[in-house]
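Got the viewer open? Let's take a walk through this one, selection by selection.

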Amino acid sequence: PCRPLLALALSLAACGGSREQSAPPLEADALPPHLYASTRAAGIVSHTRQGADFGDAMRYHFIDVGQGDATLLEFPCGAVLIDTGGEQNASFDSTKALLGYLDAFFDRRPDLGRTLDLVVITHPHIDHMRSVIDVLERYKVRAVIDDGKTEAESEHDPGPEQQARMHEWLAAHPEVAHQDVKVGDIGPVGL
C-alpha cells in the first residue's frame, strides 16, 4: 500500500539535475559556547565554502529547531522534509526558524517552485511535528507519510493532537497524497 510514495522518495535519489541550479550550503561560523545556549544559529548546515561544486549528490540539512528534529534532504530535482520540529518557548520559536530556513532554501532553489516532494513525520511527538500545519499551508507538498497514530502515549505531549489536525488537513486537501505506514506494514524483507 505504501510503495507508490516510497517510489516517489527513492526516485528523487536517482534524478538528474542541473549543477548550476543547485543550492550551495550555507556558510556558518561556529558560535562561542557561551552564546550558543541563548542565541541559536538558525539552521547551521555546513562549514564548507559557499559555491563548492557537489555535482548531483544528495545533500542533507540538519535544521536547528531547538529541542526536536527537522532534516531536509536536497536532491538535484526535489526535496524531502523529515519531521518539522520543535521547541516553542520564550527563548526560541522553532516554527519561525524552520520556515525561515525553508524560505531561504527555496530562494536558493527557485527551480523547485517551493515544492516539497515528500514530508515524513516519523512519530507524533510535538518536537518532531510542531510546524507540520505551517509547512503544509506555506509550501506545495506532494505527499505525506506518517505512522497514523493519534492516541497519546503521554498526557503531556500534544503531538498526537497535532497529528490528528494534520490528518484533518490532509483529508481536506486530497491533492496531497497521504500514507500511514505502521510497523506491521513492513515485512521481514522491508518495503
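Start by selecting D93 and T95, where helix α3 begins: a side-chain oxygen of D93 comes to within 3.0 Å of the backbone nitrogen of T95. Keep in mind throughout that you are looking at a predicted model.

Stay on T95 for a moment. This residue belongs to helix α3. Is T95 buried or exposed? T95 has a relative accessibility of 13%, and the cut-off for buried is under 20%, so T95 counts as buried. Show what surrounds it: beyond its neighbours up to four places away in sequence, T95 touches Q88, R130, S131 and D134.

Now step back to S94, which sits in the same stretch, helix α3, residues 94-108. S94 is at 0% relative accessibility, so it counts as buried. Which residues does S94 contact, once those within four places in sequence are set aside? Select V65, G85, G86, E87, Q88, R130 and S131 and you have the set. Q88, R130 and S131 should look familiar, as they are also on the list for T95.

**The whole of α3**

Colour all of α3 next. With 15 residues at 1.5 Å each, the helix should span 21 Å; the C-alpha atoms at its ends are 21 Å apart, so the two agree. Much of this helix is hidden, with 11 of its 15 residues buried. Pick out the buried ones: S94, T95, A97, L98, L99, Y101, L102, D103, F105, F106 and R108. What lies over them? The cover includes strands β1, β2, β3 and β4 (115-116), along with helix α5 (132-138).

Turn the view so that you look at α3 against the strands. The helix lies across β1, β2 and β3 (78-82), and runs at about 5° to β2. While you have this view, select α6, residues 159-172: this helix also packs on the sheet, where it touches β7 (143-146) and β8, and its direction makes about 150° with that of β7.

**The sheet**

Hide the helices and look at the strands on their own. Six of them form an open sheet in the order β1-β2-β3-β5-β7-β8, and the pairing is mixed. At the edges you'll find β1 (59-62) and β8 (177-180), each of which pairs on one side only. Going from one strand to the next, the twist averages 15°.

Zoom in on the β1 edge. Strand β1 runs antiparallel to β2 (residues 71-75), and four bridges join the two. For landmarks, R59 stands opposite E74 in β2, and H61 has L72 as its bridge partner there. Now show the side chains of β1 and watch them alternate: R59 and H61 point to one face and are buried, while Y60 and F62 point to the other face and are not buried.

**Out into the loops**

Leave β1 for the loop that leads on to β2, and select G68. The relative accessible area of G68 is 21%, so this glycine is partly exposed. Apart from residues up to four places away in sequence, G68 touches G86 and D127. Try a distance to R130 as well: the two C-alpha atoms are 9.0 Å apart in space, although G68 and R130 are separated by 62 residues in sequence.

Two more loop residues deserve a click for their backbone angles. D83, in the loop between β3 and α3, has phi near 70°, a positive value in a residue other than glycine. With a relative accessible area of 3%, D83 is buried. R114, in the loop between α3 and β4, has a positive phi too, about 55°, and is likewise not a glycine. R114 is at 32% relative accessibility, so it counts as partly exposed.

**Zoom out**

Finish with the whole chain in cartoon. How many helices and strands does the protein chain have? There are six helices and eight strands, and you can trace them along the sequence as α-α-β-β-β-α-β-β-α-α-β-β-α-β. Switch to a surface: the chain exposes about 10100 Å², and carbon and sulfur atoms supply 54% of that. Of its 191 residues, 45% count as buried. As a last overlay, draw the contacts between residues at least 6 apart in sequence; 65% of these join residues at least 24 apart.

Note on methods
Residues are numbered from 1 along each chain as its sequence is written. This is a predicted model: local features need pLDDT of at least 70, side-chain atom pairs count only at pLDDT 80 or more; totals for chains, interfaces and linings use all residues. Side-chain values use heavy atoms; hydrogens and water are left out. Buried means under 20% relative accessible area, exposed over 50%, partly exposed in between (1.4 Å probe, protein chains only). Contact means heavy atoms within 4.5 Å. Accessible areas come from the Shrake-Rupley method with a 1.4 Å probe; for residues, only the protein chains shown count as cover. Two strands pair if DSSP finds at least two bridges between them. Axes are lines fitted to C-alpha atoms, for helices over the stretch in contact, and angles run from 0 to 180 degrees between N-to-C directions. The expected span of a helix is 1.5 Å times one less than its number of residues. A polar contact is a pair of N or O atoms within 3.5 Å; within protein, one must be able to donate a hydrogen and the other to accept it, and residues adjacent in sequence count only if both atoms are side-chain atoms.
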